[in-house]
Amino acid sequence: MKGILHFLVIAGTMLVLSQHLDGFHVSSFGVAVLAAVVLAFVNAVVKPVLALLTFPLTILTLGGFLFVLNVAMLWLTQKLVPGFDVHGLKALVLGSLLLSVVSTVWNAIIPDGRASRQSHDHDSH
């Protein structure tokens, strides 16, 4: 359930960005949800491969290059999802930054339930 809500929060954030950030366009709520799912997929599949390949750059920049990868994942997402367009470096950078902040805050305030499930599973044995 947390995952579905997270997609909805990210989709809502994309819609808000679409209204307030020049160059960031989402044509509908459905497109925003699809973009959130695709972004999660590229972050789970493509980003780790690129992070591994660019590990020396990440070390040299003290982790700063990971932000470049976040921007690249947003760029890739907008290439894959019709109706989701991000034009210009400013929109990509600010959009990526704001989506990352919202996602981080969401993950910090909404428990995932794993700790309580593990505790419950441990107690039942």
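**Reading the helices and core of a predicted model**

Visitor: How do you know that the end-to-end distance of α4 agrees with its 16 residues?

Guide: At 1.5 Å a residue, taken over one less than the number of residues, the 16 residues of α4 should span 22 Å, and because its end C-alpha atoms lie 23 Å apart, the two values agree. Please keep in mind that this is a predicted model.

Visitor: What makes up the surroundings of α4, and which of its residues are buried?

Guide: The buried residues of α4 are Phe-65, Leu-69, Asn-70, Val-71, Met-73, Leu-74, Thr-77 and Gln-78, and what covers them includes β1, α2, α3 (55-60), β2 and α5.

Visitor: How do you know that the span of helix α2 agrees with its 25 residues?

Guide: Helix α2 covers residues 29-53, and at 1.5 Å a residue these should span 36 Å; its end C-alpha atoms are 34 Å apart, so the expected and computed values agree. There is nevertheless a kink of about 40° at Val-46 in α2, shortly before the proline Pro-48.

Visitor: Which residues of α2 are buried, and what covers them?

Guide: Buried in α2 are Val-31, Ala-32, Ala-35, Ala-36, Val-38, Leu-39 and Val-42, while their cover includes α1 (2-20), β1 (24-26), α4 (65-80), β2 (84-86) and α5 (89-109).

Visitor: What makes up the largest nonpolar core, and where do its residues come from?

Guide: This core has 23 residues, of which Met-14, Phe-24, Val-26, Phe-84 and Leu-99 touch the most other members. At least two residues are supplied by each of α1, β1, α2, α4, β2 and α5, and α2 gives the most, with 7 residues. In soluble globular proteins, nonpolar side chains tend to be buried together.

Visitor: Which residues does Met-14 touch, leaving out those up to four places away in sequence?

Guide: Met-14 touches Phe-24, Val-26, Ala-32, Ala-35, Ala-36, Leu-39, Phe-84 and Leu-99.

Visitor: How many aromatic pairs are there, and why is the pair of Phe-24 and Phe-84 called edge-to-face?

Guide: The count comes to 1 aromatic pair. The ring centres of Phe-24 and Phe-84 are 5.5 Å apart, which is within the 6.5 Å limit for a pair, and their planes stand at 70°, which is over 60, so the pair is edge-to-face. Since Phe-24 belongs to strand β1 and Phe-84 to strand β2, the pair therefore ties together parts that are 60 residues apart in sequence. Both Phe-24 and Phe-84 are buried.

Visitor: Why is Val-16 called partly exposed?

Guide: Val-16, which is found in helix α1, has 48% relative accessibility; because this value lies between the cut-offs of 20% for buried and 50% for exposed, Val-16 counts as partly exposed. Val-16 and Val-26 are 10 residues apart in sequence, and their C-alpha atoms are 9.3 Å apart in space.

Visitor: Why is Ser-18 called buried, and which residues does Ser-18 touch beyond four places in sequence?

Guide: Ser-18 is also found in helix α1, and its relative accessibility of 15% is under 20%, so Ser-18 counts as buried. Leaving aside residues up to four places away in sequence, Ser-18 touches Phe-24, His-25 and Val-26.

Visitor: How many helices and strands does the protein have, and in what order do the elements run?

Guide: The protein has 6 helices and 2 strands, which run α-β-α-α-α-β-α-α from the N terminus on. Of its 125 residues, 30% count as buried, and among contacts between residues at least 6 apart in sequence, 65% join residues at least 24 apart.

Notes
Residues numbered from 1 in each chain as written. Predicted model: local features only at pLDDT ≥ 70, side-chain atom pairs only at ≥ 80, totals over all residues. Heavy atoms only, no water. Helix = DSSP H or I, 4+ residues; strand = E, 2+ residues; numbered from the N terminus. Bend = angle between axes of the 7 residues up to and from the residue. Buried < 20%, exposed > 50% of the residue type's maximum accessible area, 1.4 Å probe, protein only. Contact = heavy atoms within 4.5 Å. Core = buried A, V, L, I, M, F, W, Y, C linked by side-chain atoms within 4.5 Å. Phe/Tyr/Trp six-rings, centres within 6.5 Å; stacked < 30°, edge-to-face > 60°.
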